[in-house]
Amino acid sequence: MTQTCADAAPVGDTGRVDVTDLDRDPVRQLANWIADARAAGELMPEAMCLATSGAEGMPSARFVLMRGLDDGVVFFTDYGSDKARDLRDNPRAAAVFHFSAPVHRQVRVSGSVAKTGAEESDRYWATRPVASRRSAIASHQSSVITTRRELEAAVAAVGDAPEPVRPERWGGYRIHPEVVEFWEEGQDRLHDRLRFRRDHEGWRLERLSP
Ligand SMILES: Cc1cc2nc3c(=O)[nH]c(=O)nc-3n(C[C@H](O)[C@H](O)[C@H](O)COP(=O)(O)O)c2cc1C
């Protein structure tokens with residue numbers, strides 16, 4: 001049954017995750033679950049597996065770090081990478097977070113993707129350790145190289161400026177969620193699955209069979 005977020009509180013909903021427990025903004029809810037996972041000892045709860053597919057339709061997945069949650073899910077990367085080529089040809093993505101024991105949860109997000117503005121990329125760039133900034137300048141992500149030494153020589157060639165400037169080819173993306181699903185392990189495989197879907201009126205929340 002589909003419900004609007006305003007009235008999503010069915011009587012007798014006895015799963016471990018009740019719809020009444022959830023924030024009506026799924027991005028805020030994701031932030032809550034990341035905080036729960038961190039408090040429970042998850043070392044890198046902001047790691048998410050990001051799936052893209054380009055012009056040829058071949059799916060491709062890799063982990064990236066979520067670096068912002070606002071009206072979307074933000075990550076940073078090289079705009080010359082394979083994932084960036086996919087996103088240029090097909091600006092949509094799916095991402096999944098996994099939080100292991102004791103929380104046993106998964107969150108799936110999918111939607112359209114847009115580059116962050118240069119200022120936002122600059123702000124995040126400035127928070128990175130200087131050595132990581134130099135590496136990002138030297139490494140043209142996803143390009144083929146002959147040896148590791150070649151890469152190290154490229155890093156040395158970047159020089160030792162105290163504030164390395166962000167190359168234009170490095171920056172952020174924001175996934176604007178259209179579907180967000182919260183999954184929590186239940187007894188005897190009767191897991192909870194609660195899915196938010198965005199339509200022209202806002203978020204709709206529905207419970208799915210596990
Ligand atoms: C836990 C983890 C976090 C990662 N975070 C990022 C990230 O935030 N940005 C990034 O570009 N690559 C990150 N990587 C590396 C990517 O998984 C991947 O190797 C790289 O982005 C190139 O992917 P592509 O060739 O599909 O574009 C991370 C890898 C791991 C294992």
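Colleague: By class, how many nonpolar, polar and charged residues does the shell around the ligand have?

Modeller: Happy to go through it, keeping in mind that this is a predicted model. Met 44, Phe 63, Val 64, Leu 65 and Phe 76 are among the residues that surround the ligand, and these count as nonpolar. Arg 62, Asp 82 and Lys 83 are there as well, and they count as charged. By class, the shell has 5 nonpolar, 4 polar and 3 charged residues.

Colleague: Which element gives the largest share of the shell around the ligand?

Modeller: Three elements give two or more residues to that shell: β3 (59–65), β5 (73–78) and α2 (82–89). Arg 62, Phe 63, Val 64 and Leu 65 are among the residues around the ligand, and β3 spans 59–65. The largest share, 4 residues, comes from β3.

Colleague: Which residue has a polar side-chain atom 2.6 Å from an oxygen atom of the ligand?

Modeller: Let's set the backbone contacts aside. A polar backbone atom of Phe 63 is 2.7 Å from a ligand oxygen, and a backbone N or O atom of Leu 65 lies 3.0 Å from a ligand oxygen. The polar side-chain atom at 2.6 Å belongs to Ser 142.

Colleague: What percentage of the ligand's accessible area does the protein cover?

Modeller: The starting point is the ligand on its own, which has 610 Å² of accessible area. Of that area, the protein covers 64%.

Colleague: Good to know. Which residues lie nearest the centre of the largest pocket?

Modeller: This pocket has a volume of about 350 Å³ and a lining of 16 residues. The elements that give two or more residues to that lining are β3, β5 and α4 (130–138). By class, the lining divides into 6 nonpolar, 5 polar and 5 charged residues. Nearest the centre lie Phe 76, Thr 77, Arg 128, Gln 141 and Trp 170.

Colleague: And which element gives the most to the lining of the second largest pocket?

Modeller: That pocket has a volume of about 170 Å³, and β3 and α2 are the elements that give two or more residues to its lining. Asp 82, Arg 85, Asp 86 and Asp 89 are among the lining residues, and α2 spans 82–89. With 4 residues, the element that gives the most is α2.

Colleague: How many residues of that second lining are charged?

Modeller: Besides those from α2, the lining includes Glu 56 and Arg 62, which count as charged. The lining also has 3 nonpolar and 3 polar residues. The number of charged residues is 6.

Technical notes:
Residues are numbered from 1 along each chain as its sequence is written. This is a predicted model: local features need pLDDT of at least 70, side-chain atom pairs count only at pLDDT 80 or more; totals for chains, interfaces and linings use all residues. Side-chain values use heavy atoms; hydrogens and water are left out. A residue is near a molecule or strand if one of its heavy atoms lies within 4 Å of it. A polar contact is a pair of N or O atoms within 3.5 Å; within protein, one must be able to donate a hydrogen and the other to accept it, and residues adjacent in sequence count only if both atoms are side-chain atoms. Accessible areas come from the Shrake-Rupley method with a 1.4 Å probe; for residues, only the protein chains shown count as cover. On a 1 Å grid over the protein atoms alone, a cavity is a set of points where a 1.4 Å probe fits but cannot get out, and a pocket is an open set with protein on both sides within 12 Å along at least five of seven lines; lining residues have an atom within 4 Å of a point. Grid points are joined across faces, edges and corners, and a volume is the space filled by probe spheres set on the points.
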